[in-house]
Every structure is written in C-alpha cells, then in structure tokens.
Amino acid sequence: MNMTYPAPQMTCGAALLSRMATLGVDYIFANSGTDFPPVIEGLSEAEAKNIPLPRTVTVPFESAAVAMAHGYTLATGRPQAVLVHTNVGLANAAMGAINAACDNIPMLLMSGRTPTLESGRVGARTVPIGWGQEMLDQSGLIREACKWDYELRFPEQIFDVTDRAHGIAASTPKGPVYVSLPREVLSETIPAAGAERRPQMTAAVVEAGTDQITRIASLLAEAEHPVIFAQHGAGSADAFAALSRLTGDWGIPLCQYWAVELALPTTHPMAAGPDPAPLLKKADVVLCIDALAPWSPAQIEPREEATVIQLGPRPLQERSGVRNFRCDLGVTTEIAPAIVALEAAMAKLLPGHEARVAARARNIAKANAADQSRRFDAAAGERDGPALTKRWISLNLSEKLADRDAAVFSELGCQLPYLRLTRHQSWFDGPHSGGLGWGFPAAMGFALARPEKTVVATMGDGSYMFSNPVACHQIAEALGLSMVVIVLNNTEWGAVRQSVLDIYPDGHASKANAVPLTDLSPSPDFTKVAEASRAWARRVTAPDAFEQALCEALAHVDAKKGLALIEATIGRG
C-alpha cells in the first residue's frame with residue numbers, strides 16, 4: 001500500500017531567515033518587539049530542523065544596529081540585514097539608513113508591521129500597542145533613504161521578495177532597501193520546497209566601458225595640470241594600489257577633501273593637502289572619483305576652460321536636490337574596476353610622456369613633502385601646548401599604528417590631514433549625511449568582520465553620547481569585541497561652534513565667553529560608562545599619560561581581552 005505524506009512545511013518567519021542565509025547574509029542585527037514572535041519561532045524552528053541561518057545579534061538600540069551592518073559591509077562589501085520593531089523601531093533606524101544611503105551601502109532593512117486583523121488569525125493584534133503603533137504609510141518613515149520598499153502581502157512571496165530586495169540593494173548604485181513584514185503574514189506556513197531554489201536575482205553591477213576609460217585616460221595624459229579628487233576611497237585593495245601607481249607614474253596630485261575613506265596613503269608623494277583651492281586654480285582636467293562635494297563652491301570653482309570628469313556609482317549624485325558641480329563627462333561605474341582599468345589604459349600611453357610627467361612629479365612631490373612636513377611638525381609641536389589637541393592625538397595615534405594592520409574610524413575625532421596612514425581600509429570617517437552616533441557601532445561592525453585588524457574608533461564627546469554608549473558597550477562585551485575607543489572630550493559641540501564662526505566670524509557669538517547651544521559641560525565621566533560593561537578604561541589629560549594609556553590599550557586588545565576606552569580631555573578650538 002502506497003502512503004502519501006504531506007509536503008514539508010515551514011513558517012514564513014523561518015523561510016525569511018533561511019533565505020537570507022542562502023543569499024550570503026552573514027548577520028542579522030536585530031532589535032526585537034511584539035511583532036517578532038514568528039521570527040523568534042522561526043529561529044527555533046530552523047535550529048530544530050538544522051536549517052542554516054545567518055548569525056543574529058541582539059542590539060538594544062536601532063541606530064547602532066544599522067551602523068554595525070554599515071561597518072560590517074565596509075569591511076566585506078556584502079549586504080547584511082537589520083530587523084527592527086514596527087514604526088517605532090524603524091523611526092530609530094531611519095538615521096542609520098540615511099547614513100547608509102549617503103555612503104551607497106547595500107543593506108536589507110526590515111521591520112515588523114502592526115497586524116491588520118484584530119482577531120481570527122494567528123498573529124492578529126493582542127496588546128494595545130497593536131493599535132497605537134499602526135501607521136497608514138509606515139514605509140514613508142524611510143522611503144527617501146531607500147532604493148526600494150515593499151510590504152509583504154502573502155507568505156508565499158517571501159522567497160521572491162527577499163531575493164528581489166537583496167538584488168536591488170547590491171546593484172549599482174548600491175544602497176539600503178526596506179521590507180515591511182506584517183506579523184500575521186510571517187505567522188503563516190508555506191511549503192518548505194521553495195527554500196531549495198537558488199537565488200532568483202543577481203545584482204546588476206555597472207562598470208565603465210572601454211571607450212569611456214580610454215577617453216578619461218587620454219584627457220589625463222594630455223593635461224598639463226591634471227588633478228584627482230577622491231572621497232570614498234578606491235573600492236578595493238587592488239584599486240588602492242593602482243591609484244598609488246597611477247598618480248605617481250603620471251605626477252597627478254590627489255586631494256582627499258573631507259574623505260570618508262582613504263584612497264591614497266597620506267604620505268604618498270602625490271597626496272595633496274586638504275585645501276582644493278591651489279589645485280583648482282590651475283587645473284585643466286579634474287577627475288572626481290565618487291565625490292559628493294569635492295570642493296566648496298563658495299570658496300573655489302574650477303577654471304571655466306577646465307574639463308571636469310565625474311566618475312562613480314552616482315556621477316550626478318541625483319539624491320541631492322541641489323548639486324551643481326560641473327560634469328563635462330559623467331561615467332556611472334563601481335570605482336574599483338574603473339580605477340584598475342584606468343591605470344592599465346594610462347600605462348599604455350606613458351611612452352613619449354615620461355620626461356614631461358617626471359618633471360611635473362618631482363615638482364609636485366617636493367611641494368607636497370613640504371606641506372606634509374609642515375602639517376605633521378605643527379601637530380607634533382602641540383605636544384607641549386597647554387592642553388591635548390586633536391591634531392597631536394591624531395599624529396601620535398598613527399605613529400603607534402604604523403606597523404599594524406589597523407583601521408581608524410573617526411566621527412569628529414581624529415583628523416586625516418594629521419595622520420600618517422598607508423594602507424587600504426585604514427581610515428573611515430562619518431558619512432556626509434552627518435547622522436551622529438555612527439562611528440562607535442560602525443567600528444564594532446567592522447571589528448566583527450575583521451577581528452585580525454586593530455580597530456580604533458575615535459570620536460568627540462558629543463558623538464560618543466549620540467552612539468548610545470551603554471548599548472554599544474553591552475554589545476561589544478556580548479560579542480567579545482577587542483577594539484580601542486578614544487573619546488576626545490572638549491565638552492562642546494565643536495563642529496556647531498565652528499560653523500557659527502565660519503558664517504559670523506565677527507558676530508556676537510564669536511565674542512561670547514561661551515557660544516550658545518554648543519556647551520556640553522559638566523561632562524560625565526565616560527570611563528565609568530565603559531567600566532559598567534567591564535571594559536578597560538582610562539581618563540587622561542596630558543601627553544605622557546595619553547601615550548602610556550594608548551600603549552596599554554593596544555596591548556589589551558592584542559591580548560583579546562575586550563574593549564579598551566581612553567577618554568582624553570582636549571582643549572576647545
């Protein structure tokens with residue numbers, strides 16, 4: 001007698017989690033709520049059935065969860081997932097999504113949604129917040145920061161919707177996507193066979209065409225005063241090395257104005273200073289590599305006759321309503337393959353140009369070396385000043401990291417012009433969107449992905465408070481992350497004060513004893529916050545003490561003993 005058995009079933013919640021593993025998602029950074037029962041049940045179901053899943057991290061504050069996913073993707077290039085609670089969790093996650101969108105970080109952002117039904121179905125509303133958290137357009141909280149959004153309507157959609165979300169997030173230009181997950185839909189069961197299908201969507205990655213690369217190479221090769229601006233790094237270790245060779249071989253200065261990732265060693269002969277003006281005053285060809293705002297138009301513009309090339313995943317940066325940087329040639333591409341191809345194309349053109357570009361390279365290298373020496377000497381000279389400074393701490397930190405494979409994260413902390421950095425992925429700054437509280441948890445996500453690296457997060461006291469440090473320290477301890485955190489405490493919103501002085505240099509605020517709405521005194525003792533989660537912590541006010549504390553902190557993380565925090569009191573200004 002033939003027996004027929006019912007086809008294996010799985011909950012939609014379990015299907016969602018297992019599909020993310022199939023798509024290559026390593027981590028789900030989650031902040032749970034009352035919409036999570038089908039997800040939590042799905043985790044237990046998958047474990048009981050030996051279904052592979054991404055690792056889950058419970059993050060007790062949503063913006064930290066998004067920033068950790070951001071940092072993990074900076075390290076790996078792979079999209080990760082963030083799962084938060086209905087509209088209230090999504091509201092807290094919105095700032096992180098804005099940051100991710102600004103940096104073109106692919107991410108699967110998902111939140112629960114208040115159940116539609118009040119009774120009669122598994123997952124229907126059961127507690128008062130089921131009514132209190134309902135929104136008619138929950139996706140509107142985050143839509144402008146996301147490439148695509150969708151609300152799951154039927155459980156059998158789960159595989160297709162997840163595949164589509166992942167494919168869109170990882171396509172050029174990369175960025176976050178959002179999926180709303182109603183509780184009663186996740187509670188339904190579906191045939192488990194769908195989980196066996198291979199992913200149905202591959203990311204559409206755009207690379208520059210040969211003709212475009214050839215044209216850029218020709219323009220740069222024939223230019224008398226070419227210059228390159230880069231803000232988001234080089235995209236890969238190979239491209240980082242290629243850009244170093246290209247600029248050196250051709251004598252092309254590269255300016256990293258407000259760079260959020262390192263594109264060229266700060267000690268490279270072609271590493272120009274942070275001021276774009278001297279370069280633009282004579283540049284005849286300007287190549288902007290993934291640069292949102294390569295210079296300040298209020299201060300300097302390229303010469304009218306100069307040719308300006310905008311190259312990157314968003315050459316016209318269409319997310320900005322107003323952005324009128326010139327674009328004589330726009331090329332949509334991921335930057336790493338474009339840089340590698342450009343170096344190869346220009347190498348073919350070098351014969352016949354050697355003498356001319358060698359002379360230019362010598363002159364530029366001499367000027368850059370003098371400028372670098374002035375900056376580093378000025379920072380070193382501040383060691384004997386009346387108070388610790390960001391510039392001296394920046395230089396001292398980079399000297400201590402010189403022989404290490406290290407990554408420095410900064411959020412109004414250490415300053416790139418005063419750091420000696422030579423390696424790919426050795427510098428990350430906060431996104432130009434400016435959503436504060438990013439630096440600490442982003443560095444944690446990076447450290448989670450790259451535990452072999454020395455990871456240092458530097459930030460101002462305001463940025464540290466914005467990161468929800470109690471939550472971040474709790475996560476770092478739970479994950480056993482060994483990294484250094486340096487809080488540069490000047491008891492003020494220094495960036496706000498400087499912005500006031502930039503606009504009103506001779507105004508009333510400039511003459512006030514304290515600039516209104518910028519003071520953060522009295523300052524908490526941040527070492528106590530770290531020690532609450534059993535981190536190593538020191539508070540320093542003098543150079544000798546900082547140097548000693550930094551050596552001890554590095555030894556602590558080398559021994560994999562967990563997080564080490566240094567609170568350094570610095571002067572204002």
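In this predicted model, V408 of strand β14 has V456 as its bridge partner in β16, and this pair belongs to a parallel pairing in which six bridges join β14 to strand β16 (residues 454–460). The two strands take part in an open sheet of six strands with parallel pairing, whose order is β15-β14-β16-β17-β19-β18. A further open sheet, also built of six strands in parallel pairing, has the order β3-β2-β4-β5-β7-β6. The points below take up these sheets, then a residue of helix α16, and then the cavities and the second largest pocket.

**Strand β14 and its partners**

- Strand β14 (residues 406–411) has six of its six residues buried, so it is largely enclosed by the rest of the structure.
- In a regular strand, side chains alternate between the two faces of the sheet.
- In β14, A406, V408 and S410 point one way while A407, F409 and E411 point the other way, and all of these residues are buried, E411 being one of them.
- Besides its pairing with β16, strand β14 pairs in the parallel sense with strand β15 (residues 427–429) over three bridges, and here the bridge partner of S410 is D429 in β15.

**The sheet that contains β14**

- In the order β15-β14-β16-β17-β19-β18, the edge positions are taken by β15 and β18, each of which has a single partner strand, so one side of each is left without a neighbour in the sheet.
- From one strand to the next, the twist of this sheet averages 15 degrees.
- Strand β17 (residues 484–489) and β19 are paired in the parallel sense over six bridges, with I486 standing opposite I566 in β19.
- Strand β19 (residues 564–569) also pairs in the parallel sense with strand β18 (residues 536–540), over five bridges, and in this pairing I566 of β19 is the bridge partner of R538.
- I566 of β19 therefore appears in two pairings, opposite I486 and as the bridge partner of R538, while β18, the other strand in the second pairing, stands at an edge of the sheet with a single partner strand.
- The connection between these last two strands runs through helix α20 (residues 543–558), and β18, α20 and β19 together make a right-handed β-α-β unit.

**The sheet that contains β2 and β4**

- The order β3-β2-β4-β5-β7-β6 describes an open sheet with parallel pairing, in which β3 (55–58) and β6 (149–151) are the edge strands, each pairing on one side only.
- Neighbouring strands of this sheet are turned against each other by 20 degrees on average, direction ignored.
- Strand β2 (residues 27–30) and strand β4 (residues 80–84) run parallel and are joined by three bridges, and the bridge partner of F29 in β4 is V82.

**P469 in helix α16**

- P469 is found in helix α16 (residues 469–479), and at 11% relative accessibility P469 counts as buried.
- The C-alpha atom of P469 is separated by 8.8 Å from that of G437, a residue 32 positions apart from P469 along the chain.

**Cavities**

- Five cavities of 30 Å³ or more are found when the whole structure is searched, and the largest cavity has a volume of about 90 Å³.
- The lining of the largest cavity consists of 13 residues, with T34, D35, P115, G130 and R183 lying nearest its centre, and by class this lining divides into three nonpolar, seven polar and three charged residues.
- The second largest cavity holds about 70 Å³ of space, and its lining includes L16, M110, I158, T162 and Y178.
- Two or more residues of the lining of the second largest cavity come from each of β5 (107–113), α6 (158–169) and β7 (176–182).
- The lining of the second largest cavity has eleven nonpolar residues, one polar residue and no charged residues.

**The second largest pocket**

- The second largest pocket has a volume of about 610 Å³ and is lined by 26 residues, of which N104, K174, G235, E261 and E334 lie nearest its centre.
- At least two residues of the pocket lining are supplied by each of α3 (62–76), α11 (335–349) and β15, and the largest share, four residues, comes from α3.
- By class, the lining of the second largest pocket has eleven nonpolar, nine polar and six charged residues.

Note on methods:
Residues numbered from 1 in each chain as written. Predicted model: local features only at pLDDT ≥ 70, side-chain atom pairs only at ≥ 80, totals over all residues. Heavy atoms only, no water. 1 Å grid on protein atoms, 1.4 Å probe; cavity = no way out; pocket = protein on both sides within 12 Å on 5 of 7 lines; lining within 4 Å. Points joined across faces, edges and corners; volume = space filled by probe spheres on them. Nonpolar A, V, L, I, M, F, W, Y, C, P; charged D, E, K, R; others polar. Pairing = 2+ DSSP bridges. Right-handed = clockwise from strand over helix to strand, strands pointing away. Axes fitted to C-alpha atoms, helices over the stretch in contact; angles between N-to-C directions. Buried < 20%, exposed > 50% of the residue type's maximum accessible area, 1.4 Å probe, protein only.
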